[in-house]
Amino acid sequence: MKSVLGYETVDFDREHHALVIVDQTKLPGELAFLSLRSPQEIWDAIYHLKVRGAPAIGVAAAFGLAAIGWQIAADSPADFMMQLSRHREYLCSARPTAVNLGWALNRVYGACENLLSRKLDQAEGMPEMEKVQRLREGLLQEAKRMKEEDIDICKRIGEHGLDLLKPGDGILTHCNAGQLATCRYGTATAPIYLGQERGYGFHVYVDETRPLMQGARLTAYELQAAGVDATLLCDNMAASLMAQEKVQAVLVGCDRVAANGDVANKIGTSMLAITAWHHQIPFYVCAPLSTIDWNTATGKEIEIEERPPEEVTQMWYRQPMCPPGVKVYNPAFDVTSYLLIDGYITELGVFSTLEEIPGCYLQSDKR
Ligand code: MRU
């Protein structure tokens with residue numbers, strides 16, 4: 001039987017015009033797929049983390065908008081674009097922290113705008129409904145391009161990340177920045193999978209990642225499926241592991257990098273970075289360049305998603321594990337200071353500060 005790595009995390013069903021995802025809330029017990037078409041069910045899938053991880057959310061939203069495009073009943077291209085824009089805003093509201101969600105939705109929407117203004121508006125004699133159909137196809141083509149790019153980017157992150165590691169290294173990772181969080185290979189797991197192919201014999205330590213257990217349910221599962229030597233630990237055990245010199249590098253993914261290099265990633269990441277700093281272990285953030293938000297100056301300005309208390313009190317327990325009515329603090333992400341980050345592993349290479357990235361000063365809208 002194929003392992004989870006043999007399936008597409010995010011895809012488009014051309015026949016039914018539907019977004020198709022692996023339902024990550026069912027893993028590791030069941031490998032189930034969801035076929036989604038309506039705006040509400042696509043929004044729900046993103047909000048409830050059926051599809052999750054910054055790059056996967058971006059591509060899912062892009063395919064999701066394409067699926068919605070097929071259901072929009074519009075009598076003109078302008079009407080189509082107006083309705084599409086409303087759906088874009090709605091999907092974007094599902095989760096606030098990952099920059100890729102808005103970035104991906106704007107990119108596919110922008111591709112449609114270009115198609116309309118550069119080609120279709122000039123196509124005299126083309127029936128309005130034909131133009132609407134061309135816009136639907138344009139949306140889908142752009143979403144497919146994004147998926148292919150994501151696969152290529154993760155591969156390149158893998159190559160650059162592997163250059164920083166030695167055979168036999170112990171690597172600690174947090175949450176799931178794996179294949180399930182992207183279209184293939186993952187970001188933080190890409191160097192691990194490549195090392196596995198090349199016989200590096202890594203020992204990978206996986207934080208369980210409370211409260212939603214992405215490390216335990218997803219990372220441990222996919223690493224095991226790939227035959228990687230993976231060991232699961234509770235989030236409060238990393239310092240003990242590091243003190244025993246079992247960890248030579250920490251690799252994490254990220255949801256948004258601010259222009260000063262601060263990083264928002266799954267709650268617990270900053271605690272890990274502080275611990276790694278204390279033990280003088282290099283701490284690397286693996287991220288596509290699309291995850292850098294050049295318009296947000298520092299991590300303080302990044303909106304951190306707050307999630308329902310039940311995720312902490314009972315979601316993954318047979319029965320509630322705390323007194324009824326207890327107050328709960330449940331931010332989904334935290335911000336790691338750029339001061340604690342040894343390198344950003346991107347598709348263009350490894351950079352110790354964002355200023356080293358070619359063309360970085362051209363990126364901000366506010367320049
Ligand atoms: O809440 P999640 O599971 O979507 O959080 C995901 C993470 O924090 C990942 O580390 C991040 O999105 C990078 S995925 C390559």
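**Ligand shell**

I started by sorting the shell around the ligand by class: eight nonpolar, seven polar and four charged residues. For the record, Ala, Val, Leu, Ile, Met, Phe, Trp, Tyr, Cys and Pro count as nonpolar, Asp, Glu, Lys and Arg as charged, and the others, Gly among them, as polar. I'm on a predicted model, where local features need pLDDT of at least 70, side-chain atom pairs count only at pLDDT 80 or more, and totals for chains, interfaces and linings use all residues. Numbering runs from 1 along each chain as its sequence is written, and side-chain values use heavy atoms, with hydrogens and water left out.

Next I asked which residues come nearest: of the 19 around the ligand, they are R52, A54, R95, N265 and K266. Being near takes a heavy atom within 4 Å.

**Polar contacts**

I then looked for polar contacts, here pairs of N or O atoms within 3.5 Å. R52 puts a polar side-chain atom 2.5 Å from a ligand oxygen. For A54, a backbone N or O atom lies 2.8 Å from an oxygen atom of the ligand. Q214 has a polar side-chain atom 2.9 Å from a ligand oxygen. Of the 410 Å² of accessible area that the ligand has on its own, the protein covers 99% (Shrake-Rupley, 1.4 Å probe).

**Where it sits**

I found the ligand in the largest cavity. A cavity is a set of points on a 1 Å grid over the protein atoms alone where a 1.4 Å probe fits but cannot get out; sitting in it takes more than half of the molecule's atoms within 2 Å of its grid points. Elements giving two or more residues to the shell are α2 (54-71) and β9 (263-266), from DSSP runs (helices H or I, at least four residues; strands E, at least two). Domain 1 (4-155) and domain 2 (161-356) each supply at least three shell residues, with bounds from an automatic or database assignment.

**Backbone oddities**

I also checked the backbone. Most peptide bonds are trans. L27 and P28 are joined by a cis one, omega about 5°, with P28 in the loop between β2 (18-22) and β3 (33-36).

Terms used: Polar contact = N/O pair within 3.5 Å; in protein donor to acceptor, adjacent residues only side chain to side chain. 1 Å grid on protein atoms, 1.4 Å probe; cavity = no way out; pocket = protein on both sides within 12 Å on 5 of 7 lines; lining within 4 Å.
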